[in-house]
Amino acid sequence: MKLKYLLSLVAVIFGLVTIFASSSVLFGYSDVLEKEGNFPSFILWVNLLTGPLYLLAAAGLFYSKRWTLPVLTGILLLLIVNLGFLILLITTGQDYELETLGAIAVRIALTSVLTFFAFNKSTINI
């Protein structure tokens with residue numbers, strides 16, 4: 001299996017899981033992820049926004065489209081800004097869940113890998 005197909009599949013799965021998880025917590029339509037905890041709403045909203053973008057990026061990776069790199073770079077920037085707000089929340093002593101910090105680290109790592117792949121496959125001359 002070619003790496004681009006594998007990464008496309010990973011992006012699709014990640015995008016769908018992201019949409020399901022963030023929307024179910026935000027809108028409360030599923031008891032699957034409902035539990036006690038302090039999940040900052042701005043994290044959930046950014047996740048909900050990036051979910052469809054992961055699906056778009058998956059299509060771009062699959063079909064080797066040049067616009068994939070800006071989409072993934074935008075997701076990565078959103079996640080880094082989101083991490084900055086989470087760190088600010090933590091340093092001001094507000095409630096948060098440690099798993100939120102781990103989850104955003106995983107998101108940034110995965111998106112970095114996808115972005116690196118898209119950059120290396122990009123035909124854009126800089």
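Which residues does Thr18 touch, not counting residues up to four places away in sequence? I should like to open with that question, and I note at once that the model before us is predicted. Thr18 touches Ser23, Asn47, Thr50, Gly51 and Arg107. Thr18 itself is found in helix H1. With a relative accessible area of 1%, Thr18 is buried, given that buried means under 20%. Several of its partners will return in this talk: Asn47, Thr50 and Gly51 are among the buried residues of H2, and Arg107 is among the buried residues of H4. For a sense of distance, consider Thr18 and Phe117, which are separated by 99 residues in sequence. Their C-alpha atoms lie 21 Å apart in space.

Let me turn to helix H2, which covers residues 41-62. Does its length agree with expectation, or disagree, and on what grounds? At 1.5 Å a residue, its 22 residues should span 32 Å, and the C-alpha atoms at its ends are 32 Å apart, so the two values agree. The buried residues of H2 are Ile43, Leu44, Val46, Asn47, Leu48, Thr50, Gly51, Tyr54, Ala57, Ala58, Gly60 and Leu61. Against which elements do they pack? They pack against H1, against helix H3 (68-91) and against helix H4 (98-121).

After H2 comes Ser64, in the loop between H2 and H3. Ser64 is not a glycine, although its phi is positive, at about 55°.

Helix H4 may be described in a similar manner. It has 24 residues and reaches 35 Å from its first C-alpha to its last, close to the 34 Å expected at 1.5 Å a residue. Its buried residues are Thr100, Ile104, Arg107, Ile108, Leu110, Thr111, Leu114, Thr115, Phe117 and Ala118. These buried residues pack against H1, H2 and H3. Ser112 also lies in H4, but at 30% relative accessibility Ser112 counts as partly exposed. Ser112 and Leu76 are 36 residues apart in sequence, while their C-alpha atoms are 6.9 Å apart in space.

I now come to the aromatic residues. How many aromatic pairs does the structure hold? There are five aromatic pairs. One of them is formed by Phe27 and Trp45, in an edge-to-face arrangement with 5.8 Å centre to centre and 80° between the planes. Phe27 lies in H1 (residues 3-27) and Trp45 in H2, so this pair ties together parts that are 18 residues apart in sequence. Both members are partly exposed: Phe27 has a relative accessible area of 49%, and Trp45 stands at 46%.

A further edge-to-face pair is that of Phe62 and Tyr63, at 4.9 Å centre to centre and 80° between the planes. Are its members exposed or partly exposed? Phe62, at 36% relative accessibility, counts as partly exposed, whereas Tyr63, at 56%, counts as exposed. Together with Tyr5, Phe62 and Tyr63 form one aromatic cluster.

Finally, I turn to the pockets. Rolling a probe the size of a water molecule over the atoms shows where empty space is left. The largest pocket contains about 490 Å³ of space. Its lining has 21 residues, and those nearest its centre are Ala21, Phe39, Leu44, Asn47 and Ala103. H1, H2, H3 and H4 are the elements that give two or more residues to this lining. By class, the lining has 13 nonpolar, five polar and three charged residues. Asn47, then, appears both at this pocket and among the contacts of Thr18.

The second largest pocket holds about 170 Å³ of space. It is lined by 13 residues, with Ser64, Lys65, Ala118, Lys121 and Ser122 nearest its centre. The elements giving two or more residues to its lining are H2, H3 and H4. Which element gives the largest share? That share, three residues, comes from H4. By class, this lining divides into four nonpolar, five polar and four charged residues. Ser64, the residue with the positive phi, is thus found again, among those nearest the centre of this pocket.

Conventions: Residues numbered from 1 in each chain as written. Predicted model: local features only at pLDDT ≥ 70, side-chain atom pairs only at ≥ 80, totals over all residues. Heavy atoms only, no water. Phe/Tyr/Trp six-rings, centres within 6.5 Å; stacked < 30°, edge-to-face > 60°. Helix = DSSP H or I, 4+ residues; strand = E, 2+ residues; numbered from the N terminus. Buried < 20%, exposed > 50% of the residue type's maximum accessible area, 1.4 Å probe, protein only. Expected span 1.5 Å × (residues − 1). Contact = heavy atoms within 4.5 Å. 1 Å grid on protein atoms, 1.4 Å probe; cavity = no way out; pocket = protein on both sides within 12 Å on 5 of 7 lines; lining within 4 Å. Points joined across faces, edges and corners; volume = space filled by probe spheres on them. Nonpolar A, V, L, I, M, F, W, Y, C, P; charged D, E, K, R; others polar.
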